[in-house]
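Here is a briefing on how two chains meet and on the nonpolar core. Please keep the structure open while reading.

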Amino acid sequence: MTTGRILSYFAVAVVMVFYLFPLVFLLNTALKSNAEFFSNPLGVVQHLAIGNFGTAWTRGNFGAYMLNSIVYTAVAASLGTLISLLVGFPVSRGYMKHTKIWYGLFVALLFLPNALVTQFQLILHINLYGSQLGYILIMTAGIGVGPLLVSGYVKSIPVELDEAAALDGVGYLRYVFGFLPSLLKPVLSTVFILQAIGVWNDIILATILLPDQSKSPVTLGLFAFQGTYTSQWSLLAAATIIVALPLMVAYIFLQRYLVASVIGGAVKG
Amino acid sequence: MSANFVFGRRSTVRASFFLGLLPVVVFAILPAAAVFVVAMTDIRSLPFLPVHWVWFQNYETFFSAAQIGYNLNALKNTFVFAFAVTIVQNILALLIAVLLNQKLRGTTFYRSVVFFPTILGVTVIGLIWTLMFNPTASPGAAIWHLFGSSSAFFGDPNISLYLVIFVQIWAGIGVAVVIYLAGLQAIPNELYEVANIDGASSWQKLRLVTYPLLAPSVTANVLLCIVGSLQSYQLIYVLTGLNNNATQVLSLAIFAQGFGGAGGSSQSQGYAAAISVVQFIMVSVISLIVMAYLRGRERKL
């Protein structure tokens, strides 16, 4: 092995320590009793306190929060993906007049000003304050780069496919819902994943629009838990792992798509 | 515009297009446009209170003697935060990308690890680093102790902004690394072979081949980073709270003034909207200038 390669491996090791050590420390803390943590915060766990997870799960009510998050994320990201398809495809094909205006609108979606106040006022005035529907509508509308990604990808689908389907008597809607989803699968999953990450990780809009704690998503549930159990680090670490675990599992399966999603999103953006 | 429409009547296309667009217009675009209007009123967070036109009074308040100190401080923190995050994150990301672009064992795994925080979300990231830097029992405290010192970390106004910047870079660098890696892999290998034949050193290859061809990735990353970091506040909110002078940034001020309860429910959200407008103008101007500069540089290279 050359000196250069040894240096490279050393540099990689330093980077890995920065990323893996906090996660290992989190797990180590979650497995200790609070007393053991304070008597020996850095040492490897001596007496496993697995009970932390059960305690955190029940006291933090994470089952209910998790369910809320799953509903918000699944509904908003699905609807957002559907919208990106419905508006991105016809504009890309020139089936709508004024193509340039619509493209301009798609780009403008990326540079909207911070609209917390007006989104709150809108939800307040249509009587959806505190309702899950209102929150889901706001999260759905945050489609961001979706329409641009769809219209970019549609360019790689030959227009002859549209013509052939039409000649066979397939109507527009049947084409969009029956044929396009399989043709556009890579880009639609990208759009879904990008929006799902955004919805799952939101805390600000949930804070503003959902005052009733029973409707909180899991991110907000964890934040409230942190406020209640300040400096009970073992319990907090266990709660953090509970919230992060589904993401870790999803990440292991989806990471290849995720990386592709981010490149697609960034280059378009 | 392809003139042929093959599916018979266009009305179905129009109907489905506008049906799809409707929720986006109502719940994203109209509120965004309304920010400019609401910023000229004294609208409050309670419904059924009378709303008055105050025209430019909210902007006068922004620059008034009572508020200018708070706002200049928020502006200063925003610039320090955005500048440090953009510069450090891009340099480190480029180095890591070059490192992972070599033929090492396990590069896919390393890339996944660095990218992982992207999906974790600010509450989880916030808790991990609050734990790492808790003042009494933590790795952070242990390191400070080695130097015979101690710190309140996120509670210490002298260093909390820098710690927040550190966590933001830790969390966000994965995206930049992935974009740089994609850019690096798009550079044809032949160019390096030619450079080898010409007897170029590693440094010369980096400077004369890699760097110029990576220019589009640099533009994308720097712009993303500037626009993102000028507007980011969620991580700051979970790490150091809503009303913390040391880490107050402009976007957090919008949230604090509109919803923070500093002035109770009688607080004017019109004022928060005015801060939104100020921020929007600032972000637009800065990103246009930076974009023009980076595009110009790309052409020269």
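**Helix crossing between the chains**

Helix α1(A) passes α4(B) in a left-handed crossing. The model is predicted. The points below start with this helix pair, then turn to the whole interface and the core.

Geometry and contacts of the pair
- The contact draws on V12(A), V15(A), M16(A), Y19(A) and L20(A) from α1(A).
- On the other side, α4(B) supplies Y110(B), V113(B) and V114(B).
- By class, this contact of α1(A) with α4(B) has 8 nonpolar residues, no polar and no charged ones.
- Helix α1 of chain A spans residues 3-30, and helix α4 of chain B spans residues 107-115.
- Their axes come within 9 Å and cross at roughly 40°.
- That angle is over 35 degrees and under 65, so α1(A) is oblique to α4(B).

The whole interface
- In chain A, 79 residues are in contact with 70 residues of chain B.
- Helix α14 (residues 233-268) of chain A gives the most to chain A's side, with 15 residues.
- That side of chain A has 58 nonpolar, 18 polar and 3 charged residues.

The nonpolar core
- The largest nonpolar core has 159 residues.
- Those with the most contacts inside this core are V150(A), A239(A), I125(B), V177(B), Y180(B), L235(B) and I275(B).
- Helix α8 (residues 160-185) of chain B provides the largest share of the core, 15 residues.
- Leaving aside residues up to four places away in sequence, V177(B) touches A93(B), I96(B), A97(B), R111(B) and V114(B).
- V114(B) is also one of the α4(B) residues in the contact with α1(A).

Conventions. Residues are numbered from 1 along each chain as its sequence is written. Chains are lettered from A and ligands numbered from 1 in the order in which they are written. This is a predicted model: local features need pLDDT of at least 70, side-chain atom pairs count only at pLDDT 80 or more; totals for chains, interfaces and linings use all residues. Two residues are in contact if their C-beta atoms, placed from the backbone, lie within 7 Å. Helices (H or I, at least four residues) and strands (E, at least two) are DSSP runs, numbered from the N terminus. Ala, Val, Leu, Ile, Met, Phe, Trp, Tyr, Cys and Pro count as nonpolar, Asp, Glu, Lys and Arg as charged, and the others, Gly among them, as polar. Axes are lines fitted to C-alpha atoms, for helices over the stretch in contact, and angles run from 0 to 180 degrees between N-to-C directions. Angles under 35 degrees count as roughly parallel, over 145 as roughly antiparallel, 65 to 115 as roughly perpendicular and the rest as oblique. A crossing is left-handed if the near helix is turned anticlockwise from the far one by less than a right angle, and right-handed if clockwise. A nonpolar core is a set of buried Ala, Val, Leu, Ile, Met, Phe, Trp, Tyr and Cys residues joined through C-beta atoms within 7 Å. A residue is buried if 20 or more other C-beta atoms lie within 10 Å of its own, exposed if 12 or fewer, and partly exposed in between; C-beta atoms are placed from the backbone.
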